[in-house]
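User: Hello! I am new to this structure and would like to go through it in small steps. Could you help me with a few questions?

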Number of protein chains: 6
Amino acid sequence: MTAPKPISRWPVPDLNALPEDLREKILAVQEKAGFVPNIFLALAHRPDEFRAFFAYHDALLLRDSGLSKGEKEMIIVATSGVNRCLYCVVAHGAILRIYEKNPLIADQLATNPAKADLTPRQHAMIDFALKVCSDAQNIGDTDIAALRSHGFSDDDIWDIGGITALFGLSNRMANLMSLRPNEEFYLLGRVPKSKG
Amino acid sequence: MTAPKPISRWPVPDLNALPEDLREKILAVQEKAGFVPNIFLALAHRPDEFRAFFAYHDALLLRDSGLSKGEKEMIIVATSGVNRCLYCVVAHGAILRIYEKNPLIADQLATNPAKADLTPRQHAMIDFALKVCSDAQNIGDTDIAALRSHGFSDDDIWDIGGITALFGLSNRMANLMSLRPNEEFYLLGRVPKSKG
Amino acid sequence: MTAPKPISRWPVPDLNALPEDLREKILAVQEKAGFVPNIFLALAHRPDEFRAFFAYHDALLLRDSGLSKGEKEMIIVATSGVNRCLYCVVAHGAILRIYEKNPLIADQLATNPAKADLTPRQHAMIDFALKVCSDAQNIGDTDIAALRSHGFSDDDIWDIGGITALFGLSNRMANLMSLRPNEEFYLLGRVPKSKG
Amino acid sequence: MTAPKPISRWPVPDLNALPEDLREKILAVQEKAGFVPNIFLALAHRPDEFRAFFAYHDALLLRDSGLSKGEKEMIIVATSGVNRCLYCVVAHGAILRIYEKNPLIADQLATNPAKADLTPRQHAMIDFALKVCSDAQNIGDTDIAALRSHGFSDDDIWDIGGITALFGLSNRMANLMSLRPNEEFYLLGRVPKSKG
Amino acid sequence: MTAPKPISRWPVPDLNALPEDLREKILAVQEKAGFVPNIFLALAHRPDEFRAFFAYHDALLLRDSGLSKGEKEMIIVATSGVNRCLYCVVAHGAILRIYEKNPLIADQLATNPAKADLTPRQHAMIDFALKVCSDAQNIGDTDIAALRSHGFSDDDIWDIGGITALFGLSNRMANLMSLRPNEEFYLLGRVPKSKG
Amino acid sequence: MTAPKPISRWPVPDLNALPEDLREKILAVQEKAGFVPNIFLALAHRPDEFRAFFAYHDALLLRDSGLSKGEKEMIIVATSGVNRCLYCVVAHGAILRIYEKNPLIADQLATNPAKADLTPRQHAMIDFALKVCSDAQNIGDTDIAALRSHGFSDDDIWDIGGITALFGLSNRMANLMSLRPNEEFYLLGRVPKSKG
């Protein structure tokens, strides 16, 4: 048994020492989720990068899109699996399970997307994301055409690529920081909420 | 939403049509686990290979060893993650959580062993297993010496390599079959058993 | 001979149709550089992502750091070479040549950093950046220690990793868009400015 | 000139100290082949694993199949070449030459299967085996369909995959042990037997 | 700032100490180019290899061919980019720019051939060259047929492969020597020659 | 069973139609070896390249060197194994067996150099050759120093690299041509010559 590792390789600032906008954002997510995901604390070491990262995140994940909220998380989990990013696999795996009300889908996508319970359209989406993740230099017209044949619009295609690219950044930062997932994430979405 | 995929790409025999020894083994595991892990049903398509596989499995996993039962499962989960074998990651992840009484360790090892909560000795064990998994051709005296410096005996070293090699076989068969993990495995060992 | 390819696979908005803040930023860069780098036009297809990207960019590249402005560009050029991103190699190659007043350094770093005219400290910086770029999952204490032995502070190390991660995003987006470098970049910094 | 290396990195038990069933099996193979292949001696260090390995081996290689005995050895030689396993390339190369009465085929398959004197059906078989060997995670319906189009039954396909998986285990164990091929194997099947 | 590195890891002979035929060849190239490309000086350390290399070079590059002189240089620049050979990228990039009267094409091909301004026929030529460069073992009839469909003759195909193979040799020697490109090459062909 | 494949994908010229110097060289090798190695016939399709190739070959292989004739062939066989060149593995494997009077060494080096019966000095030589073969871009002072510590002179080091580079060319050409090894090579050096 080893002692728990710290949240991040870099110092994690005290909540009270943070700029007002960061503290408010963190308190809001805490109220909603019941805990503060460690990425918020670790990135707060650099307030300007914190602001830019979440602005980019919201621009891509909150905009109206031909992708559902669950599909966006599928992209994150599958590409984070390839990049072997523990934080993103565990944290976004939880979000994916909740959005899809599917306790199996995150482990499937993180381990081997080819075996995941996806529609053919979703498989095409993930195949494209994996190519942007690992071989973007060879993305060509054929890849774009394959997505269009499944009904993805050009803006949907940008979304798939953009989410992959943003979480490529996130995966590298999390691996650099040795960012530790909150324990809460591991179980979220795996068991039905108790009713009443 | 897609229909659930079958257990295996090949036919799964009816329990009553199986040779007596297979049926007994399957009923025994069902009694112990509460369900029949799909690998037993899928491999029963070939009774002789079923017998040989489980004989090999028991020879390596049940023998006395300098590795604990949990450590043996660590090897299986980490190498199955590299081989991207959904069945083995999910099923042996469950067993690992139970043996180690640690709900986090399986996801850590499957996603990125470098970030797992392991002792230095266990990290050395996993590093060696990953080299046998992906680059056995270059295993040399230096690799052996590194394990010995952590107190592993020569028979422990064989065990690490042997378990890796056996689950390399298992990973390839499971990926070939598209072997589907039982849903029960996904949750096992993640929540404390209710007491009383 | 083929017709010139478009700037981006996606539509490039008209400058007059852009939100005021984007138009101002673009006009400012045009005044300073003498032309509008295509990344500004192509990213303007998504104003929120444009704002977030340049906020992130400025947070990392304009902050005080133990890295010089030229060293930050060295990281961008070397990792963009590995990611085979034509836009970033050509555009940031130009900036690097200007900052370093060195007409050779960009081609050296884009082609083979091991052969570039760098100090040992800069080689250590680039080696680390290349590992974050291609193998972040295995970044460990040894890599951090190697940088510290060259006098890099912990915040410098974050900068090296952060710049690499941000341009990993940028490289993927540029390859996705088939973003075309402005012809001006190819020659910038290669010839001494005429005097008088 | 260096001294001959030992048969295995682990101790090789004395024939008289072995359990009766192992000794009988070894004496039988010696009578048939004229010498004891080193894998029998090296694996005898672990009698239970010895029994399981050869049970698995016989289950796959001795069963009736749509694959000829020579074709099964083709799979072993080609995949052992990819895994760079000296013992299996040399020992099964000999067996392949004898079964096929072809002194060239083993070196062709071990070095570059694409250049081997195979029928299109055999090339399809080897292509599939190489994918199970190196990329089993991506085996899909298209790969299965390609084999069926050459007349392979579903059980033949299992055989191709199973033999590949078993020798993937064998290759890893042999590389781990530094298992040394018997000198006899190098020449077997290369020259016509003298008649009369 | 670091001191300039030497031309080659090995001694560079004095021009006056060279065999007559080498000196003449070197003086001829100097007269034509205005300077002596460093490969001539570095290879002169081994006069017989110098003679053989340039004989091979001339046999492939000076013969009549269905490939233009510029197309032959495209092959060299693209494959040297993959092999990360600084000397060949910089020196042959210059020659390519001059032959094609195109200041952009060399940086495009060295960085990412998929994004270069090529005709479909030239893209097919480069795709084939890249396969000979990195995966010659799998060149097959399909690859040959693809070239024929673009009008390449069998001798053109040999030329593509031969140039790739020869510069594979050259790239390895230059990387071994740490062969330093002449500074003149970096700028050649980038700016229109002043007239009058 | 398939029909024997042709010697080369390109036409093989008639001996009588060849330039005098090629015909003489070919007849000389035939007299010495008892047969004409197919590389001589296949390359004769391009007489100038034939002359240059063998001039390069002789410059490297016939010069006095700190490497023995057998050691030079060890480099060829090991790197041709990595490049999966059937012709060079089989033909130079034969030459290596003869030079070293060792019927095992060629199969060892072609399959897995780490398991070959080499001296530590020869292992260092082969490690260096493999790096020039597959990763020349990263050859650095440390690699050179490792060879010097085994007593290799700077000219020996050039020889190791040069032979590797030349046979990298040869391997690519042979794979491009689908150059077929003469059957005689497979057996040469495997059995003691009959005496008397």
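User: At what angle do helix α3 of chain B and helix α3 of chain D pack?

Analyst: Happy to help; please keep in mind that this is a predicted model. Each of these helices spans residues 47-61 of its chain, and their axes lie 8 Å apart. The angle at which they pack is about 160°.

User: What orientation do α3(B) and α3(D) have to each other, then?

Analyst: Their packing angle is about 160°. Angles over 145 degrees count as roughly antiparallel. The crossing is also left-handed. Therefore, α3(B) and α3(D) are roughly antiparallel.

User: How many nonpolar residues are there in the contact of α3(B) with α3(D)?

Analyst: From α3(B) the contact includes B:Ala52, B:Phe53 and B:Tyr56, and from α3(D) it includes D:Ala52, D:Phe53 and D:Tyr56. Among the other participants are B:Asp48, B:Glu49, D:Asp48 and D:Glu49. By class, the contact has four charged residues, no polar ones, and a nonpolar group that numbers 12.

User: What kind of axis relates chain D to chain B?

Analyst: Chain D superposes on chain B with an RMSD of 0.0 Å after a rotation of 180°, and the shift along the rotation axis is 0.0 Å. That relation is the one given by a two-fold axis.

User: Which residue of chain D has the C-alpha nearest that axis?

Analyst: The axis in question belongs to the 180° rotation that places chain D on chain B. In chain D, the nearest C-alpha is 2.5 Å from the axis, and this residue also takes part in the contact of α3(B) with α3(D). The residue is D:Ala52.

User: How much area do chain D and chain B bury between them?

Analyst: The size of an interface is often given as the accessible area lost when the parts come together. Here, 41 residues from chain D and 41 residues from chain B take part in the contact. Carbon and sulfur atoms account for 64% of the buried area, which comes to about 3,800 Å².

User: Which three residues of chain D supply more of its buried area against chain B than any other three?

Analyst: Together, this trio supplies 23% of the area that chain D buries against chain B. One of the three also appears in the contact between the α3 helices. They are D:Tyr56, D:Trp158 and D:Arg172.

User: Turning to chain A and chain C, why can we say that the copies meet through the same surface?

Analyst: A rotation of 180° with 0.0 Å of shift superposes chain A on chain C. The contact takes 41 residues from each of these two chains. The copies meet through the same surface because the share of chain A interface residues that are also interface residues in chain C is 100%.

User: How far apart are the closest C-alpha atoms of chain C and chain D?

Analyst: This pair has no contact joining it. Contact here means heavy atoms within 4.5 Å. The closest C-alpha atoms of chain C and chain D are separated by 20 Å.

User: Within chain C, are helices α4 and α7 oblique or roughly parallel to each other?

Analyst: Helix α4 (residues 69-82) and helix α7 (residues 120-135) of chain C have axes that come within 9 Å and cross at roughly 45°. The crossing is right-handed. Angles under 35 degrees count as roughly parallel, and 65 to 115 as roughly perpendicular. The angle fits neither range, so α4(C) and α7(C) are oblique.

Key
Residues numbered from 1 in each chain as written. Chains lettered and ligands numbered in written order. Predicted model: local features only at pLDDT ≥ 70, side-chain atom pairs only at ≥ 80, totals over all residues. Heavy atoms only, no water. Axes fitted to C-alpha atoms, helices over the stretch in contact; angles between N-to-C directions. Helix = DSSP H or I, 4+ residues; strand = E, 2+ residues; numbered from the N terminus. Left-handed = near helix turned anticlockwise from the far one by under 90°. Least-squares fit on C-alpha atoms with pLDDT ≥ 70 in both. Buried area = accessible area lost by both parts, 1.4 Å probe. Nonpolar A, V, L, I, M, F, W, Y, C, P; charged D, E, K, R; others polar.
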